[in-house]
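Here are my notes on the model you sent over, set out point by point. Have it open while you read.

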Amino acid sequence: MRVFVTGATGHIGSAVVSDLLDAGHQVVGLARSDRSAAALTAAGAEAYRGSLDDLGALRDAAAAADGVIHLAFKHDFSDYQGAIATDLRAVETMGAALEGSGKPLVVTSGTLMLAIALPPGQLGTEADVASPPVPRAESENAAVALAERGVRSSVVRLSPSVHSRLDLHGFVPRLVRIARDKGVSAYVADGANRWPAVHTLDAARLFRLALEKAPAGSRLHGAADEGVPFRDIAQTIGRHVGVPVVGVSREEAEAHFGFLGAMAALDNPTSSSRTRELLDWRPEHPGLIEDMEAGHYFEESLQAS
């Protein structure tokens, strides 16, 4: 299958590209720069120059492909609403290019939306649906609706922590840097709120399986750990960094964590039972705490990146 991948040189995208190539697929990756194009070529993929703002490029690349995996997102928290709007336009554009073809379109979302949409503490499942103004809900729902227009669309909701040695700028590296800068590793309130997690390579396999066989209109969960208490994450960081572990109030969370303040307090237990059954997805790599204990998140080279 000839697969068009946006976000193909990112943390997760690079793993997805590798998994696709190993499975015998051809990959065309969206490249915004010469550096990204060179990385794709070196990996054995084809580079397609463009960006999320270039809707004509997205349309043409999607139309020429046998399937699409959409991973790219503008992680600009100074204009998050603008990033959400750009993502929706990209989904709509590529979906329109595939309309009536029966080809797969796999779109990326996140499980944290369920922590906002559901009652506190409720286990999130693939059957749960979020609506605006929950972030990214409109893009997710637009992707699922494409199933009614002849697109084999699916959505992969990723855990807030997608972890591995490839993770240089995700939530865990940010939390480690905050602990070093502040001199303490913190959690909010009693730290009992839970974050699901998934290893990068298990997430990459899930995207490939979704491309190959997810039924039209599927919502899928990239969650291997159903919910790791945030306090356990903070304690692991504190021990490796060598700083005290403390609880902060919800009012203090934003000052301590910055833009992560609201997310650090969310309780997001998430089931992936239906995803595992539907696609025979079997996560096989280390869980979050085991991966953190391996030490790579605390290497000096990571802190300098």
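1. I'd begin with a helix pair. Helix 3 (residues 55–63) and helix 4 cross at roughly 35°, and their axes come within 8 Å. The crossing of helix 3 past helix 4 is right-handed. On the helix 3 side, the contact is made by Leu55, Leu58, Arg59, Ala62 and Ala63, and on the helix 4 side by Arg89, Ala90, Thr93, Met94, Ala97 and Leu98. Sorted by class, the residues of this contact come out as 8 nonpolar, 1 polar and 2 charged. Keep in mind throughout that this is a predicted model.

2. Helix 4 also has to be looked at from helix 6. Helix 4 (residues 80–98) packs with helix 6 (residues 137–145) at an angle of about 10°, the axes being 9 Å apart. That angle is under 35 degrees, so helix 4 counts as roughly parallel to helix 6. Here Ile84, Asp87, Leu88 and Val91 of helix 4 meet Glu138, Ser139, Ala142 and Ala143 of helix 6. The class count for the contact of helix 4 with helix 6 is 5 nonpolar, 1 polar and 2 charged residues.

3. Now the overall picture. The protein has 14 helices and 12 strands. Its radius of gyration is 19 Å, close to the 19 Å that the globule rule gives for 305 residues, so the protein is as compact as a globular protein of that length. The C-alpha trace spans about 55 × 40 × 35 Å along the principal axes.

4. How is the sheet of 7 strands ordered? The order is 3-2-1-4-5-6-10, in an open sheet with parallel pairing. Strand 3 (46–49) and strand 10 (218–222) are at the edges with a single partner strand each, so one side of each is left without a neighbour in the sheet. On average, neighbouring strands of this sheet are turned by 25° against each other, direction ignored.

5. For a closer look at one pairing in that sheet, try strand 5 (residues 104–110) and strand 6 (residues 152–158), which pair in the parallel sense over 7 bridges. Within strand 6, Ser154 is the residue that stands opposite Val106. Two helices are worth adding to the view. Helix 1 (residues 11–22) packs on the sheet and touches strand 1 (2–6), strand 2 (26–31), strand 4 (67–70) and strand 6, with its direction at about 160° to that of strand 2. Helix 8 (residues 200–213) packs on the sheet too, touching strand 1, strand 4, strand 5, strand 6 and strand 10, and the direction of helix 8 makes about 165° with that of strand 6.

6. How do helix 1 and helix 8 pack against each other? Their angle is about 60° and their axes are 8 Å apart. That makes helix 1 oblique to helix 8. Helix 1 passes helix 8 in a right-handed crossing. From helix 1, the contact draws on His11, Ile12, Ala15, Val16, Asp19 and Leu20; helix 8 brings Thr200, Leu201, Ala204, Arg205, Phe207, Arg208 and Leu211. In the contact of helix 1 with helix 8, 8 residues are nonpolar, 2 polar and 3 charged.

7. Don't skip the sheet of 3 strands. This is an open sheet in the order 7-9-11, and its pairing is mixed. Strand 7 (161–163) and strand 11 (225–229) stand at the edges; each has a single partner strand, so one side of each lacks a neighbour in the sheet. From one strand to the next, the twist averages 40°. Strand 7 and strand 9 (residues 194–199) run parallel and are joined by 3 bridges. If you want a residue pair to check, Ser161 has Ala197 in strand 9 as its bridge partner.

8. Last, some backbone details to inspect in one loop. The peptide bond joining Pro132 and Pro133 is cis, with omega at about 15°. Pro133 is found in the loop between helix 5 (112–117) and helix 6. Which residue other than glycine has a positive phi, near 70°? That is Arg136, and Arg136 also lies in the loop between helix 5 and helix 6.

Terms used
Residues are numbered from 1 along each chain as its sequence is written. This is a predicted model: local features need pLDDT of at least 70, side-chain atom pairs count only at pLDDT 80 or more; totals for chains, interfaces and linings use all residues. Side-chain values use heavy atoms; hydrogens and water are left out. Two strands pair if DSSP finds at least two bridges between them. Helices (H or I, at least four residues) and strands (E, at least two) are DSSP runs, numbered from the N terminus. Axes are lines fitted to C-alpha atoms, for helices over the stretch in contact, and angles run from 0 to 180 degrees between N-to-C directions. Contact means heavy atoms within 4.5 Å. Angles under 35 degrees count as roughly parallel, over 145 as roughly antiparallel, 65 to 115 as roughly perpendicular and the rest as oblique. Ala, Val, Leu, Ile, Met, Phe, Trp, Tyr, Cys and Pro count as nonpolar, Asp, Glu, Lys and Arg as charged, and the others, Gly among them, as polar. A crossing is left-handed if the near helix is turned anticlockwise from the far one by less than a right angle, and right-handed if clockwise. The radius of gyration is taken over C-alpha atoms; the globule rule is 2.2 Å times the number of residues to the power 0.38.
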